[in-house]
Amino acid sequence: MKDLSYALGMMVANDFKRGVFKGIDVNEFAAAFKDVFNGGQPRLGANEANQIINAYYQKAQQEAFEGNKKAGEAYLAENKKREGVITTASGLQYEIITAGTGAKPKASDTVRCHYEGRLLNGEVFDSSYARQQPADFPVNGVIPGWVEALQLMPVGSKWRLHIPSNLAYGEQQVSEQIQPNSTLIFDVELLEILAK
């Protein structure tokens, strides 16, 4: 049981190190663990303990989300200085990789695109290229940054979009990868406007 106990301790410690609970007092953690495990009287009631944990978690999340926003703002401020980056009035930034010559879709159109979405750290969170299948969707049915960009793109274009969080998912957490206030980068290839 000694090795199992140690292994479980390692597992819990690794989970805490990866999570939001930074700077845990190991001695206090061990004291509470012993109190509960040995049937002693804990220093805190269950409701009080839950309130403390929830308050800490909310504060840590808010700090992380503010960090995401600041990182995105810093990235976009530097990115717009690069040659070939165009910034629209909304704050959307794009680069033309391939200039298409076809028609531009309207908000009411449905389009077929290939795309790859990345976080600022380069991690890919979605890719039609990886699935080897382009995606069809209504122009006005996607995030605001895409809605704006697609209506500027002629068919046959491939652009790199740098989308501020307010034109992406804002304060929503849509997946484990895409946290609130995330600035996103998409390579978008507009293949065609589909017949209605």
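This section describes a long-range helix packing arrangement, a strand residue and two loop residues in a predicted model.

Helix H3, spanning residues 46-79, comprises 34 residues and reaches 49 Å from its first C-alpha to its last, which is close to the 50 Å expected at 1.5 Å a residue. The buried residues of this helix are Ala60, Phe65, Asn68, Gly72, Leu76 and Asn79, and they pack against strand S1 (85-87), strand S2 (93-98) and strand S6 (158-163).

Strand S6, one of the partners of the buried residues of H3, contains isoleucine 163. Because its relative accessibility is 0%, isoleucine 163 counts as buried. When residues up to four places away in sequence are not counted, isoleucine 163 touches Leu92, Ile143, Gly145, Trp146, Ala168, Ser182, Thr183, Leu184 and Phe186. Isoleucine 163 and threonine 88 are separated by 75 residues in sequence, with a C-alpha to C-alpha separation of 11 Å in space.

Two loop residues were examined for their backbone angles. Most residues other than glycine have a negative phi. Glutamine 132, in the loop between helix H4 (128-131) and strand S5 (135-138), nevertheless has a positive phi, near 55 degrees, and asparagine 181, which lies in the loop between S6 and strand S7 (184-194), likewise has a positive phi, of about 65 degrees, although it is not a glycine. As to solvent exposure, glutamine 132 counts as exposed because its relative accessibility is 67%, above the 50% cut-off, whereas asparagine 181 is buried, since its relative accessible area of 6% falls under the 20% cut-off.

How values were computed:
Residues numbered from 1 in each chain as written. Predicted model: local features only at pLDDT ≥ 70, side-chain atom pairs only at ≥ 80, totals over all residues. Heavy atoms only, no water. Helix = DSSP H or I, 4+ residues; strand = E, 2+ residues; numbered from the N terminus. Expected span 1.5 Å × (residues − 1). Buried < 20%, exposed > 50% of the residue type's maximum accessible area, 1.4 Å probe, protein only. Contact = heavy atoms within 4.5 Å.
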